[in-house]
Amino acid sequence: MAEPLLELRGLNKSFGGLRVTENVSLTLEAGEIHALIGPNGAGKTTLIQQISGALAPDSGEIRFLGEDVTRLSMARRARRGLARSFQITSVIPSFSALENAALAVQARSGSSFRFFRPAAREAALNEAAMAALEEVGLAPRAHLPAAALSHGERRQLELAIALAMRPRALLLDEPLAGTGPEEAERLIRILRGLGARYGILLVEHDMRAVFALAQRVSVLAQGRVIATGSPAGIRADPVVRAAYLGEEEGEG
Amino acid sequence: MTWRDAALPAGVFAALALAPFLGFGQSHSLTLLARAMIFAMAAISLMLLVGGAGLVSLGHAAMMGVGAYAVVVLDHARITEAWAVLPAGVGATALFALATGAIAIRTSGVHFIMITLAFGQMAFFTASSLALFGGDDGYTLYGRTEIFGARLLEDRLAFHFACLFCLVAAWALVRALLASRFGRVLRAARENETRVRALGLEPYPYRLAAYVIAGAIGGLAGVLLANATEFVAPAYLAWQRSGDLLFMVILGGLAGPHGALLGALAFVLVEEWLATLTEHWRLIFGPLLILCVLFLRGGIAGLLGRG
Ligand SMILES: Nc1ncnc2c1ncn2[C@@H]1O[C@H](COP(=O)(O)OP(=O)(O)OP(=O)(O)O)[C@@H](O)[C@H]1O
Ligand SMILES: [Mg+2]
């Protein structure tokens, strides 16, 4: 088989004395949902930030589509097809849902140095944006400003924006965070549909979602990958149970 | 798009076009209206930065100043032909904006305000030290800019319509820019820069382009201002003038270029009116501005739009 879609090789990152990423190596294949789980503060978001380019690792290599992207800016990586959703919803509040998605379409199709034609009337942008909104079930709310959407709807919008980028890989940081059971149900269905088309690195605390969606699971604890394997294997792994799952299941 | 985005400015432009024939045709009124229109142009260009890109510049008067001093330099060499003066004024300002913007736009927030202020002061002191052009005392032009050798702009009415034409053009340009793909990137980056980067767009070149365009429009306003007064002084570049421009923009409202248009006209006309009432007009004008900021959240444009 060719190189994986995304590959991390021996990443390290410290904040002062705190090692948040310690010799992390993992891969993401095309068409795979690879879940990344771990207790609070394990370093999941920090890892996503290094992959997306928001933070630079201290050492190690990030390879995407067979090329070293470790030193590329966030914008460059995004243009190559690495899309990211944020743990804390990050949209353009005054833009409508449609315009949020249309901006993502615009970013990947042609130059944005176009000065005179009204962007809101570019049918090609609007159609692709609407398709992305439809995919996440947000089309009926397309013309509301993002600030007026419910929390769950903004999570959907976050996902629609990522899809509108037509990425090769999706980095999703807790897409279900703060959603109610019904919204979570719907998002899980959407993600399952997306899984076959993209490589998805899914950070998620909701174990139901993780075990329903992922083909592979990696467990991060104190910055280190302590296990990688099938969902069933991870569930049975005593090291993982001790570090993480034990507490969770105890609560549930 | 709401009606007021187009209807309100259209009404204002119509009123400005008719004003000379409705009892505002004397030279004093025309001088005042020209001044108001020129500042409105500069305010509209600043609005592209403040309201569009979120770049609060406290050095925009320097743009007008560079345009005005371009007129002076050419006037000194006895070049008054519009087809030389206009490109020179606009080009010089665009270059100045490119050079200073390339540095300023690397900063943000308060640092951006401070660095634009610093560049403005730098331009101010440079102008003050130009002994050849009168230094602090300023420079009186030999004559207004000519068009194909004809002294068209000597005619106050012709000059009135030249200013109005430029004002309408500036408004239409900024309005179109804000609605374009380019403007959409600017507006998005103002609200959420990280999101824009995560989409694959680097805000810097868009902001720099906006800074240069705004500078060029400000430069054109400076060329007109030099012609309106037939006199140019370093005071044109003073930071107080930049503050006034910023004030006009905020007073008018940030919803679109029509806000800056209304804000600038109101500012210049009320200032003039108060000055005819009492010589202590500044004591009234200051608190009035403060009240406007406190109580007119959407600016004048927001107030009129609600009604
Ligand atoms: N900018 C920063 N400076 C210093 N420490 C940081 C910074 N960002 C994160 N940390 C610390 O790094 C550790 C990992 O944080 P991170 O946000 O990656 O965890 P996480 O696995 O995403 O947690 P959660 O499940 O709560 O989202 C935490 O101890 C956090 O306090
Ligand atoms: Mg996190």
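In which strand is the place of A:Glu61? Select residues 59-64 of chain A: this run is strand β4, and A:Glu61 sits in it. The model on screen is a predicted one.

**Stop 1: A:Glu61**

Show the side chains of A:Glu61 and A:Arg63, which are joined by a polar contact of 2.7 Å. Then add the residues that A:Glu61 touches beyond its neighbours within four places in sequence. Four of these are A:Glu7, A:Leu8, A:Arg9 and A:Leu11. A:Asp68 and A:Thr70 complete the list.

**Stop 2: ligand 1**

Next, select ligand 1 and the residues around it. The shell has 13 residues, and the closest are A:Asn40, A:Lys44, A:Thr45, A:Thr46 and A:His205. Sorted by class, the shell consists of 7 polar, 4 nonpolar and 2 charged residues.

Which elements of chain A each supply at least two residues of this shell? Colour β2 (18-28) and α1 (44-52) to see them. Helix α1(A) gives the most, with 3 residues.

Now display distances from the oxygen atoms of ligand 1. One runs to a backbone N or O atom of A:Gly41, at 2.9 Å. Another distance to try is that to A:Ala42, where a polar backbone atom is 3.2 Å from an oxygen atom of the ligand. For A:Gln87, pick the side chain instead: an N or O atom there is 3.0 Å from an oxygen atom of ligand 1. On its own, ligand 1 has 630 Å² of accessible area, and the protein covers 60% of this.

**Stop 3: where chain A meets chain B**

Bring both chains into view and select the residues in contact. Chain A contributes 36 residues and chain B contributes 26 residues. The size of an interface is often given as the accessible area lost when the parts come together. Here the two chains bury about 2,700 Å² between them, with 60% of that on carbon and sulfur atoms.

How many salt bridges are counted between chain A and chain B? The count is 4. To view one of them, select A:Glu158 and B:Arg195, whose closest N and O atoms are 2.7 Å apart. Polar contacts can be drawn as well: 18 residue pairs are in polar contact between the chains, counting pairs with both residues at pLDDT 80 or more.

On the chain A side, colour helices α2 (74-80), α3 (97-108) and α5 (151-164), the elements that give two or more residues to the surface touching chain B. Of that side, the largest share comes from α3(A), with 6 residues. By class, the chain A side has 21 nonpolar, 8 polar and 7 charged residues.

**Stop 4: B:Arg187**

Finish on chain B with residues 181-191, which form helix α7 and include B:Arg187. A polar atom of the B:Arg187 side chain lies 3.0 Å from the backbone oxygen of B:Leu178.

Which residues is B:Arg187 in contact with, leaving aside its neighbours within four places in sequence? In chain A, select A:Phe95 and A:Glu99. In chain B, the contacts are B:Gly52, B:Leu178 and B:Ala179.

Terms used:
Residues numbered from 1 in each chain as written. Chains lettered and ligands numbered in written order. Predicted model: local features only at pLDDT ≥ 70, side-chain atom pairs only at ≥ 80, totals over all residues. Heavy atoms only, no water. Contact = heavy atoms within 4.5 Å. Buried area = accessible area lost by both parts, 1.4 Å probe. Salt bridge = Lys/Arg side-chain N within 4 Å of Asp/Glu carboxyl O. Polar contact = N/O pair within 3.5 Å; in protein donor to acceptor, adjacent residues only side chain to side chain. Helix = DSSP H or I, 4+ residues; strand = E, 2+ residues; numbered from the N terminus. Nonpolar A, V, L, I, M, F, W, Y, C, P; charged D, E, K, R; others polar. Near = heavy atom within 4 Å. Areas by Shrake-Rupley, 256 points an atom, 1.4 Å probe, with all protein chains shown as cover.
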